Amino acid sequence: MCKVVKKAVQLGFSPPANSSPYAFLDLAFKLVETLVQKCLQCLDESSIEVLMEVVSNYALHDGDANISRMAIGLLYTIANHIQRLESSEEEIHKLWLGIFTRLRSIGCDKRAEIRSTLFTTLENIIIENLETLPYTLWLYIFSQLFPYLLQHSEAKCLQSVTENKGSHMVITTPTNVATPNFIVVSGDPPAHRSRFDEETLRKEREEAVRVHAEKDWEESIAALLTVFAQVFTKFNEVQKEDEGLRERTWETLLETCTRLIKCGTYLSLIHISEPTRLGMISYAVFCLKKKKTTKE
């Protein structure tokens with residue numbers, strides 16, 4: 001079975017000579033999709049690990065966004081299957097860790113629509129398995145998974161802001177940005193060009209790309225914080241084992257919000273409620289909004 005899975009990867013990512021780069025991508029992915037939907041019950045733990053790796057590679061492949069989104073859905077299906085396995089605790093833990101590690105990688109994808117799909121799927125997987133996830137996995141989720149994704153998104157957003165302030169970084173202009181019909185960009189230059197010349201158009205394109213990228217990463221940060229907070233709330237409702245994880249996770253949330261507010265880029269604090277005593281921990285509700293950026 002592993003040989004079939006690996007063949008599907010080879011066919012999708014390394015098509016035969018004299019064919020287009022993505023000629024067999026859809027066909028190979030359909031094979032992987034069939035394996036996940038029809039054959040999971042027949043696979044042992046090692047084959048499931050190989051299948052997870054293959055599916056995550058399709059999710060990260062930038063050839064077709066629809067395939068990437070469907071691949072994320074297949075990881076959700078695999079996660080539901082892991083929940084029903086009757087293997088040893090060690091094997092189950094290994095598979096769960098494999099799922100979350102791969103979801104973390106996909107959460108750093110450069111495409112905003114893929115990140116959005118990933119965050120929704122991640123929330124569903126965690127919340128649907130609240131009562132079955134072992135404490136060691138909760139430790140990974142709150143101490144590594146969410147903090148890593150937030151730090152990555154912050155770094156990418158900060159990079160976009162730095163580029164806007166005249167950094168030496170080069171912005172690549174996408175080829176699918178439409179060119180106004182009154183701009184001549186090829187052939188003999190006209191004697192009298194429009195008030196927009198090619199240099200102006202290039203700068204406007206770069207600015208549009210930068211603003212769009214910054215907005216996308218800001219939205220990712222907001223979405224991640226929302227998912228993080230919702231998962232933490234559900235965790236408090238059902239999990240009895242603690243060992244200080246609640247306090248550490250609450251501190252992480254507060255530190256993240258404080259850092260985002262202090263940096264002056266993403267969020268501003270508009271309201272804080274009175275602290276509410278819940279058990280041994282005092283909680284407060286923060287109301288945040290995205291700061292409006294003004295051009296200098």
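**Figure 1. Cys 42, an exposed cysteine.** Let's start with Cys 42, which has a relative accessible area of 63% and is therefore exposed, since the cut-off for exposed is over 50%. The model shown here and in the other views is predicted. A search through the whole structure turns up zero disulfides. Cys 42 is accordingly in no disulfide, and the nearest cysteine sulfur, at 5.7 Å, belongs to Cys 39. That distance can be set against the criterion, which asks for two cysteine sulfur atoms within 2.5 Å. For another cysteine, look at Cys 108: its relative accessibility is 18%, so Cys 108 counts as buried, the limit being under 20%.

**Figure 2. Helix H2 and its two sides.** Helix H2 covers residues 25-39, and its 15 residues should span 21 Å at 1.5 Å a residue. The end C-alpha atoms of H2 lie 20 Å apart, in agreement with that expectation. Which residues of H2 are buried? They are Leu 25, Ala 28, Phe 29, Val 32, Leu 35, Val 36 and Cys 39. These residues sit on the same side of H2, because the arc they cover around the axis is only 140 degrees. Turn to the other side of H2 and you will find Leu 27 and Lys 38, both exposed.

**Figure 3. H2 packed with H3.** This view adds helix H3, made of residues 45-60. H2 and H3 pack with their axes 11 Å apart, at an angle of about 140 degrees. The two helices are therefore oblique to each other, as an angle has to be over 145 degrees to count as roughly antiparallel. As for handedness, H2 and H3 make a left-handed crossing.

**Figure 4. H4 alongside H5.** Helix H5 runs over residues 89-106. From its first C-alpha to its last, this helix of 18 residues reaches 26 Å, close to the 26 Å expected at 1.5 Å a residue. Its buried residues are Ile 92, Leu 95, Trp 96, Gly 98, Ile 99, Phe 100, Arg 102, Leu 103 and Ile 106. Helix H4 (residues 65-84) is the partner in this view: the axes of H4 and H5 come within 10 Å and cross at roughly 165 degrees. H4 is thus roughly antiparallel to H5. The crossing in which H4 passes H5 is left-handed.

**Figure 5. Two buried residues and their partners across the chain.** Ile 114 belongs to helix H6, which takes in residues 112-128. With a relative accessible area of 0%, Ile 114 is buried. Its C-alpha atom is 7.0 Å from that of Ser 68, although these positions lie 46 residues apart in chain numbering. The second residue to look for is Phe 232, in helix H8 (residues 198-238). Phe 232 has 3% relative accessibility, so Phe 232 is buried. Here the C-alpha partner is Trp 250, 18 residues apart from Phe 232 along the chain and separated from it by 8.3 Å.

**Figure 6. Where the close-ups fit in the protein.** To place these views, step back to the whole protein, which has nine helices and four strands. How are the helices and strands ordered along the sequence? The pattern reads α-α-α-α-α-α-α-α-α-β-β-β-β. Of the 296 residues in the protein, 38% are buried.

Terms used:
Residues are numbered from 1 along each chain as its sequence is written. This is a predicted model: local features need pLDDT of at least 70, side-chain atom pairs count only at pLDDT 80 or more; totals for chains, interfaces and linings use all residues. Side-chain values use heavy atoms; hydrogens and water are left out. Buried means under 20% relative accessible area, exposed over 50%, partly exposed in between (1.4 Å probe, protein chains only). The expected span of a helix is 1.5 Å times one less than its number of residues. The arc is that of the directions from the helix axis to the C-beta atoms. Axes are lines fitted to C-alpha atoms, for helices over the stretch in contact, and angles run from 0 to 180 degrees between N-to-C directions. Angles under 35 degrees count as roughly parallel, over 145 as roughly antiparallel, 65 to 115 as roughly perpendicular and the rest as oblique. A crossing is left-handed if the near helix is turned anticlockwise from the far one by less than a right angle, and right-handed if clockwise.
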